[in-house]
Amino acid sequence: MHGSEAPSPWILRWSPLIAPGSEVLDLACGAGRHMRHLASLGHRPLGVDRSEEALASASAWGTPLQADIENEAWPLAGRQFGAVVVTNYLWRPLWPQILAAVQAGGVLLYETFAQGHETVGRPSRADFLLRPGELLQVAAQGGLRVVAYEDGFLPEPERFVQRLAAVREVPAQVPARWPLA
């Protein structure tokens, strides 16, 4: 079942950016692989997915919310989170809602398929593959500071991805310390 595999190494690496005890939105969470990891760190995950079956598993790690976010109204209007996690999912019309859901001091962790992936597997439609630098553009438009970004090919399993870790900074006199390791 989608979302039952091990957490993404990208999410593992950058989850220390999330403030302790944060409420975290895991969008298109599947069976909750990232919810499990985030709950183990003391966060409060909210997983959104359209699959009732997947959410039954994800509910062990946090709050499930069944919603068809591509065909229905955004179910979290006005809500903000200490982090928003999105992996292996792309629906461009949701960019404004995703960005608005990152609270001041919050983190966006995003990883999904990029152009080139059509040569090695699915998804293969351009609608579901990020264009070069697209995550950087989205973060800039949303007023986020990029802490880490990658765009390239991973061999095992073969896939083309873009990955981003970005923060919504809080104006302060002292520079924020975003840990890199």
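This passage describes the principal pocket of a predicted model and the surroundings of two of its residues. Local features rest on pLDDT of at least 70 and side-chain atom pairs on pLDDT 80 or more, whereas totals for chains, interfaces and linings use all residues. Residues are numbered from 1 along each chain as its sequence is written, and side-chain values use heavy atoms, with hydrogens and water left out.

The largest pocket (on a 1 Å grid over the protein atoms alone, an open set of points where a 1.4 Å probe fits, with protein on both sides within 12 Å along at least five of seven lines) has a volume, taken as the space filled by probe spheres set on the points, of about 440 Å³. It is lined by 17 residues, of which A28, R50, E70, N88 and Y89 are the closest to its centre, lining residues being those with an atom within 4 Å of a point. Nine of the lining residues are nonpolar, three polar and five charged, where Asp, Glu, Lys and Arg count as charged, Ala, Val, Leu, Ile, Met, Phe, Trp, Tyr, Cys and Pro as nonpolar, and the others, Gly among them, as polar. Strands β2 (44–49) and β5 (102–113) each contribute at least two residues to this lining; strands (E, at least two residues) and helices (H or I, at least four) are DSSP runs numbered from the N terminus.

R33 is placed in helix α2 (residues 33–40) and counts as buried because its relative accessibility is 7%, the limits being under 20% for buried and over 50% for exposed, with partly exposed in between (1.4 Å probe, protein chains only). Its side chain makes a polar contact with the side chain of T87 at 3.4 Å, such a contact being a pair of N or O atoms within 3.5 Å, of which, within protein, one must be able to donate a hydrogen and the other to accept it, and residues adjacent in sequence count only if both atoms are side-chain atoms.

G152, in strand β6 (residues 145–155), is partly exposed, at 26% relative accessibility. Leaving aside neighbours within four places in sequence, G152 is in contact (heavy atoms within 4.5 Å) with R159, F160 and V161.
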